[in-house]
Amino acid sequence: MSRPIDRLRRSLVAPALPRLPGPPPLPLTTVTLLMLLLLPSLALWRWPRPRAQGLEQLMAVSSLLQSFPASPERPVPALWRDRLGEAAGRRLWREQRRTWWQFWGPHTDGGAYLVLQENAAGGARPPLPAQGLRVGNLLVVAPDPLSRRLLQDQLRPDQRAGRGLFSTCLPRLESGQGVFWNASGLGALVGPLAPLLEAYQEGCFSLSLEGSEVRWRGEASDRPASTGPAGRLRIPDLPPSARPPLPADLLLELQGSSLEQLFRGLLARQLIRDPLAARYGIDTKGLALLRRSPFRLRLQPQLTGAFQASLELQVAVGADRQGWRQLLQGLARALQAQGLEAGPTAAASQEGAATWSRQDGVVLGGWRWIGEGGPAPQLLLFLGPVPGRWQAMTTSGTGAPASGELWLRVRPRGLDQLGLLPGPLPELVRRADQLWMESLPGTTANGADGLSWLKGRLQVSR
């Protein structure tokens, strides 16, 4: 009996497994790959990106920051007297030899902070003034105790040094005269015009004074510097604009290669797109026409009549002639539904032109074609009285912006006299006779876009 049981027991026992060979050695390519992965990680662990120092920490918590060169021969600014006191303000102003700054925090309705460089020589640091604190090698004086506390809470000692736009703006602000802004600062300066400046949400300028002109050169981005393009910025040569000043019968002229540059910030908002489609019949197809059309926008003063100024938008229709006709037909139906009346005028004697008036006969606006039957038709839309004259705009060559470019000419003093300038703009801008600015598309060295190169000049009468 034992033999069958033994045979059964032996059959249930697992046979010995054959001995497997050991793992083969890693091939050379695998070792190389691991080294390529591990070495950068080790380098980042041992040598992390350096921390942001004083000024860069302040840039991260400011909405608007200005740098000024030392000028002890000039009168003591009110900001120095207010933040440091009369005696200390005068003494430190006479002793200054290096760049100083003022900035506003995220809440732009607060007062400005004063920022000075402390003495680099050894020895004991002087006592802090009232509402003062140290940020790296900088002395910051807040306008009040609450602002000082808010700044302390917002500063991040572990903040890493910036890249891209931050690293380019920092040298501009460390020496000479310049300005840095973000979306909050831009909104505070230009108010309701901010959505039209969507491409310039954060940026910086270097400023210089040449004769009766203030000139600037810099860069801007359509997103915050902390999330914007990284890498070294490729800065092109931007010679001063040679375009002539605006004549007396124009207050503003803005010209670009596509309306997308002007309306991108507005058309990105559902709150804007829905009324355009519901009230005026400008749907997705119509918005596409707007976005890709080269344009020229002009503002003209009106000495008499119901309006202070009239607005003209001229677009190069190109191959989209039929699409624009359909858009105008839908717009005409919408205006009639709102109680406006189409009326014949001398400008509307041509087929395809129209003017729209209130019931009391005051013309509110309209449109007319320029060269509709030719190879390069253009459409002129206007708000206010019928334009007294018109001409085709240049859309190519040296007389027109290239792809992605935007050209601006303004008479700030004329706008200010009519109350048409945003209130918070600096007094120097408000008093200027002429302002020129040009925007060119830019990229970083690694090809990231979203950047614009800016240049301009401001002419002030003595």
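Colleague: What makes the largest nonpolar core a core, and which residues have the most contacts inside it?

Modeller: A nonpolar core is a set of buried Ala, Val, Leu, Ile, Met, Phe, Trp, Tyr and Cys residues joined through side-chain atoms within 4.5 Å. Buried means under 20% relative accessible area, exposed over 50%, and partly exposed in between (1.4 Å probe, protein chains only). The largest such set here has 53 residues, and those with the most contacts inside it are L259, F295, V315, W324, W367, L379 and L458. Helix α12 (residues 321-337) gives the largest share of this core, six residues. A second core of 23 residues is separate, and L55, M59, F103 and L151 are among its members.

Colleague: What should I keep in mind about the model itself?

Modeller: It is a predicted model, in which local features need pLDDT of at least 70, side-chain atom pairs count only at pLDDT 80 or more, and totals for chains, interfaces and linings use all residues. Residues are numbered from 1 along each chain as its sequence is written, and side-chain values use heavy atoms, with hydrogens and water left out.

Colleague: Why is the pair of W80 and W100 called edge-to-face?

Modeller: Rings of Phe, Tyr and Trp (its six-membered ring) pair if their centres lie within 6.5 Å; planes under 30 degrees apart count as stacked, over 60 as edge-to-face and the rest as tilted. The search of the whole structure finds nine aromatic pairs. For W80 and W100 the centres are 5.3 Å apart and the planes make an angle of 85°, so the pair meets the edge-to-face rule. W80 lies in helix α4 (residues 78-84) and W100 in strand β2 (residues 100-104), so this pair ties together parts 20 residues apart in sequence. Both W80 and W100 are buried. Ring pairs also link F68, W80, W93 and W100 into a cluster.

Colleague: And why are W181 and F205 called tilted?

Modeller: Their ring centres are 5.0 Å apart and their planes stand at 55°, so the pair is tilted. W181 is in strand β6 (residues 177-181) and F205 in strand β7 (residues 202-210), 24 residues apart, and the pair links distant parts of the chain. Helices (H or I, at least four residues) and strands (E, at least two) are DSSP runs, numbered from the N terminus.

Colleague: How do you know that W181 and F205 are buried?

Modeller: W181 has a relative accessible area of 8% and F205 has 12%, so each falls under the cut-off for buried.

Colleague: What makes R296 count as buried, and what does R296 touch?

Modeller: Its relative accessibility is 7%, so R296 counts as buried. R296 is found in strand β10 (residues 295-301). Contact means heavy atoms within 4.5 Å; leaving out residues up to four places away in sequence, R296 touches E253, L254, Q255, E312, L313, Q314, Q391 and M393. R296 and M393 are 97 residues apart in sequence, yet 7.5 Å apart in space, C-alpha to C-alpha.

Colleague: Where should I be careful about pLDDT below 50?

Modeller: pLDDT is the predictor's confidence in each residue, from 0 to 100. The protein chain has a mean of 81, and 79% of its residues reach 70 or more. Over residues 40-52 the pLDDT is below 50, although this stretch has 18 contacts in the model beyond near neighbours in sequence. Residues 345-350 stay under 50 as well. Where pLDDT is low, the predicted coordinates should not be read in detail.
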